[in-house]
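The following exercises concern charge pairing, burial and overall form. Work through each one with the sequence and the coordinates at hand.

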Amino acid sequence: MLIENFRYAQALKQRSRKKLAHINTIDDLVELLEKAKNVVVLTGAGVSVSCGIPDFRSAGGVYLNVKH
């Protein structure tokens, strides 16, 4: 199963989409988002830390607090 998942991930990476030629500025992106019907945002772990939400694994993180 792990090997199949790895191969699938490799295949996805190899068929990456090309950059849209008409999207070159933040304003272009904003316009694109305003017209979109659906938007998906993928972020990494820790994106909420800048908003004051603790991370999971640090000394004061969520896992430690839930444990108690």
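**Exercise 1.** Determine how many salt bridges a search of the whole structure finds, and describe the pairing.

*Solution.* A salt bridge requires a side-chain nitrogen of Lys or Arg within 4 Å of a carboxyl oxygen of Asp or Glu. The search of the whole structure yields one. The partners are Lys35 and Glu31, whose closest N and O atoms are 3.0 Å apart. Both residues belong to helix 2 (residues 26-35) and are four residues apart, about one turn of the helix. An α-helix has 3.6 residues a turn, so residues three or four places apart point the same way. Lys35 is exposed (over 50% relative accessible area, 1.4 Å probe, protein chains only), at 62%. Glu31 is partly exposed (20% to 50%), at 41%.

The model is predicted: local features need pLDDT of at least 70 and side-chain atom pairs 80 or more, while totals for chains, interfaces and linings use all residues. Residues are numbered from 1 along each chain as its sequence is written, and side-chain values use heavy atoms, without hydrogens and water.

**Exercise 2.** How many residues of helix 1 are buried?

*Solution.* Buried means under 20% relative accessible area. Helix 1 covers residues 2-14. Of its 13 residues, the number buried is zero, so helix 1 lies largely in the open. Over the 68 residues of the chain, 3% count as buried.

**Exercise 3.** Compare the radius of gyration of the chain with that of a compact globule.

*Solution.* The radius is taken over C-alpha atoms, and the globule rule is 2.2 Å times the number of residues to the power 0.38. For 68 residues the rule gives near 11 Å, but the chain has 19 Å. The C-alpha trace spans about 50 × 40 × 20 Å along its principal axes.

Note on methods
Helices (H or I, at least four residues) and strands (E, at least two) are DSSP runs, numbered from the N terminus. The expected span of a helix is 1.5 Å times one less than its number of residues.
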